[in-house]
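This report describes how two protein chains meet in a predicted model. The sequence and structure are shown first.

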Protein chains: 2
Amino acid sequence: MNAAIDVRADPVAALEHTMHTMPPVAALGVRVQACDAGSLTLWAPLARNVNDKGSAFGGSQSALLTLAAWGLTTLRMAEAREHADIYVQDSSLRYLAPLQDDLVACAWLAPGQDWNAFLTSLVARGKARIALEAEMHDRAGNAVTRFEGRFVALRARG
Amino acid sequence: MNAAIDVRADPVAALEHTMHTMPPVAALGVRVQACDAGSLTLWAPLARNVNDKGSAFGGSQSALLTLAAWGLTTLRMAEAREHADIYVQDSSLRYLAPLQDDLVACAWLAPGQDWNAFLTSLVARGKARIALEAEMHDRAGNAVTRFEGRFVALRARG
């Protein structure tokens, strides 16, 4: 880890740095495109994620959507100054149409979920679960892939 | 494509060649480990697919499981001398435990599915659907990830 990046001062830069320490994420060319109070958007170039048909590889789409949801959870924890390992528990994906553009995955909280309840549970029990949704759109704004996933946070011991 | 590889003479070599023309698959270091009448097993090294916790990146697991199921469908079509593009339609994944070994994903036909019915529909309608399952195990043989997915084959026109 690069000690020059202060997770409290710039959680998004810290997230991007953590992502790029993961060889598969670096290989797929993933970048943070946008981040606001409710969502995180990741980008990856089609050229590094293309399949045998010239469109986006389904495995890359799945990876980027999972990573966007994981990344948003990581950001919310960092902002709350909590430390925990976050694991994906389960996910479902629907591939609606082939994608011939760069990959853009946006993640947000699933309906009925609450970051405060998640963080409260993490503090009280050292463990918490949260459900997120994510989507990938083409350049025209049409949804091409939909993701739902559940994540668990386990506070590091010691 | 390398014209020296005859898909009819060696469908597994042809599949591995097709996979390696996909930049993300080459980047993750995917190889065919085994193939028999009912299943296809793919392998990828942990070093290229590791996350921030030293275990297998969930996105890589998802990609390899999806690819194993796609690859088995591709092989069955090649053996039947049918030509069609195969797309993943939807999938569900359960991550049961972290994986600290190399990634090994084995795919097979889901219960109640039939390759002959799939191929017959493809010939008659130019389109067919098939459901597959896949699993990832650690070195001790414990299942760490379970995948279910549906794929559609669309026969190339002309």
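Between chain A and chain B, 7 residue pairs are in polar contact, with both residues of each pair at pLDDT 80 or more. Three elements of chain A each give two or more residues to the side that touches chain B, namely α2 (23-27), α3 (58-79) and β3 (84-95). The most is given by β3(A), with 11 residues.

The residues on the side of chain A that touches chain B divide by class as follows.

| Class | Residues of chain A on the side touching chain B |
|---|---|
| Nonpolar | 18 residues |
| Polar | 10 residues |
| Charged | 6 residues |

Although charged residues are present on this side of chain A, the rule finds 0 salt bridges across the interface of chain A and chain B.

The strand β3(A) is also joined to a strand of the partner chain. Its counterpart is β3 of chain B, residues 84-95; the two strands run antiparallel and are joined by 5 bridges. Within this pairing, S92(A) has S92(B) as its bridge partner in β3(B).

As to extent, the contact involves 34 residues from chain A and 34 residues from chain B. The area buried between the chains is about 2,600 Å², and carbon and sulfur atoms give 68% of that area. On the side of chain A, K53(A), F57(A) and Y95(A) supply 22% of the area that chain A buries against chain B, which is more than any other three residues.

Technical notes: Residues are numbered from 1 along each chain as its sequence is written. Chains are lettered from A and ligands numbered from 1 in the order in which they are written. This is a predicted model: local features need pLDDT of at least 70, side-chain atom pairs count only at pLDDT 80 or more; totals for chains, interfaces and linings use all residues. Side-chain values use heavy atoms; hydrogens and water are left out. Contact means heavy atoms within 4.5 Å. Buried area is the accessible area (1.4 Å probe) that two parts lose on being put together, summed over both. A salt bridge is a side-chain nitrogen of Lys or Arg within 4 Å of a carboxyl oxygen of Asp or Glu. A polar contact is a pair of N or O atoms within 3.5 Å; within protein, one must be able to donate a hydrogen and the other to accept it, and residues adjacent in sequence count only if both atoms are side-chain atoms. Helices (H or I, at least four residues) and strands (E, at least two) are DSSP runs, numbered from the N terminus. Ala, Val, Leu, Ile, Met, Phe, Trp, Tyr, Cys and Pro count as nonpolar, Asp, Glu, Lys and Arg as charged, and the others, Gly among them, as polar. Two strands pair if DSSP finds at least two bridges between them.
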